[in-house]
Amino acid sequence: MSSGSRLRVAICGAGIAGLTCALALSEYPDIEIDVFESAGKLAEVGAGIGLFPRPWQIIRRLGLEQDLLKTTESRLLEGRVPSFRYRKSDQREGVEFFRLYTQGALIFLHRADYQQTLLHHLPKSCRTHCSKRLLSYRQSHNRHGVDLFFEDGTSYSCDVLIGADGLKSAVRRCMLHEKSGIAQAEGKWEESMELLRSVDPIWSGQNAYRALIPAEKLRARAPSHSVFTAPMQYLGKNGYVISYPISGGKMINFVAFDMRHELENTKFNGPWVSTSNKSRFASRFADWEPEVQTLMECVEEPLQWAIHTIPPMKSFISGRVTVMGDAAHAMTPHEGSGAGQAIEDAYLLATVLGHPRTNSTNVHRALSVYDSIRRPLAYDVMEHSRMNGRYFSLNIDGVDFDSNRVGPREQLENLRYVARMFEKNWEWGDMDNVDRWDGERSGSSDGVLVTPASSSGK
Ligand SMILES: Cc1cc2nc3c(=O)[nH]c(=O)nc-3n(C[C@H](O)[C@H](O)[C@H](O)COP(=O)(O)OP(=O)(O)OC[C@H]3O[C@@H](n4cnc5c(N)ncnc54)[C@H](O)[C@@H]3O)c2cc1C
């Protein structure tokens, strides 16, 4: 330990969670920070993320706001701000039925821009080590300190270990085995087995196909495509498409979800992330409205993500070890909040570790505070996200959206019903009311707004 430091913190993983935590901790000069990353260099995948106002407040406090705003089309707006527009699109003529309003703007970023901005702001005193894959750790409960063991044969000692190593977290695996072993030694067999249930991720039954479309390419085909005016979500039975501009409007983020809810919690056979072929999913959306077809035509070589989650745990901590971000609560992406929740974890964790009374002897208390605040909230968001997945794929027991069986009026009533459900699901994030496109505003005689596919921009 260098003279004057009161805590040595090791962060495993340099993704959104790990780097945000490192930056937040770097505000405390008496904390030593080492970040260990398994990859040979720090390079995020080419994809967009949307950040809601809550995590954005943290970004502001960390001094990242101005630099990040230079990388995005999104503008900082106060008050009630229009966000996603929703259409029912699994038919030849789409129907626009809902517009989400947020309290403050939703900001869209390129993940690589966020990572680069974080790296740019990290002080030199915070050491990042690449090609350091953590295999395991060891802590003794009657001794201070945690020993880390890496794939390259090296080891390192610290006071606190933060596992920010994503979905397949080595820290989580090690932590749960450690706790399970303790439970077993105490004769608590059921608890011991229960703990191991959260070691491996489970498949959600859903695949996401992600691509970045050059905005010029889309503009050449459809100069007035809706995505140039608002972030869009195109919903249909068992799938949906989300699209919005990023990187100063030069790129359009595109994600198509193919969802088979009956396969939730089963095993996915095949690579979890792979380069895919458009033919793998385009046929799935073949009968969808023209706006969706135009986006599909612009997609090349999408990345396929088999979406996995982590079964909830009873605690995020063990002694001097904790997990955060996807390592703790990997969730489906339907609340657009996995990264946002990782940022919230990072800030709170840094705040409790940075507290002047926290030191190497009482670290466990600080981690307990983090666990008691963040775990219930993150799991709540995780469940909302799961439910949004059902709503966006028009999968609600007893509610029929099929135009072959229900008339246009009933279909719209059902869509408004589902809109109220996902509006409610965002209340935790300070969402304001939505514009329900009621009759007064739209002027339509039956009190609903019907936007035909002729607005597709083709
Ligand atoms: C299709 C899709 C869309 C999404 N959209 C949004 C959105 O709009 N808004 C939002 O907030 N979230 C979104 N998310 C979720 C978000 O991307 C994740 O929640 C977030 O990136 C998690 O960050 P993380 O740092 O916890 O994990 P990761 O990004 O996985 O980072 C983990 C890091 O740890 C490293 N690592 C792994 N194992 C080891 C080891 N053993 N030793 C050392 N290092 C290791 C990895 O190389 C990696 O760098 C989306 C996710 C998906 C799949």
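1. In this predicted model, Glu-301 sits in the loop that connects α9 (290-298) with β17. Its phi is near 40°, which is a positive value in a residue other than glycine. That backbone angle is a reasonable place to begin checking the loop.

2. A second residue of this kind is Asn-265, found in the loop between β15 and β16. Phi of Asn-265 is near 70°, again positive in a residue other than glycine.

3. The strands named in these two points belong to one sheet. It is open, has 8 strands, and follows the order β5-β4-β13-β14-β15-β12-β17-β16 with mixed pairing. At its edges are β5 (95-103) and β16 (273-275), each of which pairs on one side only. From one strand to the next the twist averages 20°.

4. Within this sheet, β12 and β15 (residues 251-259) run antiparallel and are joined by 9 bridges. For a specific register, take Tyr-209: its bridge partner in β15 is Ala-256.

5. Which helix packs on the sheet, and which strands does it touch? The helix is α12 (residues 363-392), and it touches β4 (80-88), β13 (232-236), β14 (239-246), β15 and β17 (303-309). The direction of α12 makes about 65° with that of β13.

6. There is also an open sheet of 3 strands, in the order β8-β9-β10, with antiparallel pairing. Its edge strands are β8 (134-139) and β10 (155-158), and each of them pairs on one side only. The twist in this sheet averages 20° from one strand to the next. As background, strands of a sheet pair through backbone hydrogen bonds, either parallel or antiparallel.

7. The link between β9 and β10 can be described in more detail. Strand β9 (residues 146-150) runs antiparallel to β10, and 4 bridges join the two. Asp-147 has Ser-157 as its bridge partner in β10. The two strands form a hairpin with 4 residues between them, and in the turn Gly-153 has a positive phi of about 90°.

8. Turning to the ligand, 30 residues lie around it, and those that come nearest are Ala-17, Glu-37, Gly-50, Arg-111 and Asp-326. By class, the shell divides into 13 nonpolar, 10 polar and 7 charged residues.

9. Where does the protein backbone meet polar atoms of the ligand? At Ala-17, a backbone N or O atom lies 2.9 Å from an oxygen atom of the ligand. At Gly-336, a backbone N or O atom is 3.0 Å from a ligand nitrogen atom. At Ala-339, a polar backbone atom is 2.9 Å from an oxygen atom of the ligand. On its own the ligand has 1000 Å² of accessible area, and the protein covers 85% of this.

10. Which elements give two or more residues to the shell around the ligand? They are α1 (16-25), β3 (48-51), β12 (202-214) and α11 (338-354). The largest share, 3 residues, comes from α11. Strand β12 is thus a point of contact between two parts of this note: it contributes to the shell, and it is also a member of the 8-stranded sheet.

Methods: Residues numbered from 1 in each chain as written. Predicted model: local features only at pLDDT ≥ 70, side-chain atom pairs only at ≥ 80, totals over all residues. Heavy atoms only, no water. Near = heavy atom within 4 Å. Polar contact = N/O pair within 3.5 Å; in protein donor to acceptor, adjacent residues only side chain to side chain. Areas by Shrake-Rupley, 256 points an atom, 1.4 Å probe, with all protein chains shown as cover. Nonpolar A, V, L, I, M, F, W, Y, C, P; charged D, E, K, R; others polar. Pairing = 2+ DSSP bridges. Axes fitted to C-alpha atoms, helices over the stretch in contact; angles between N-to-C directions. Contact = heavy atoms within 4.5 Å.
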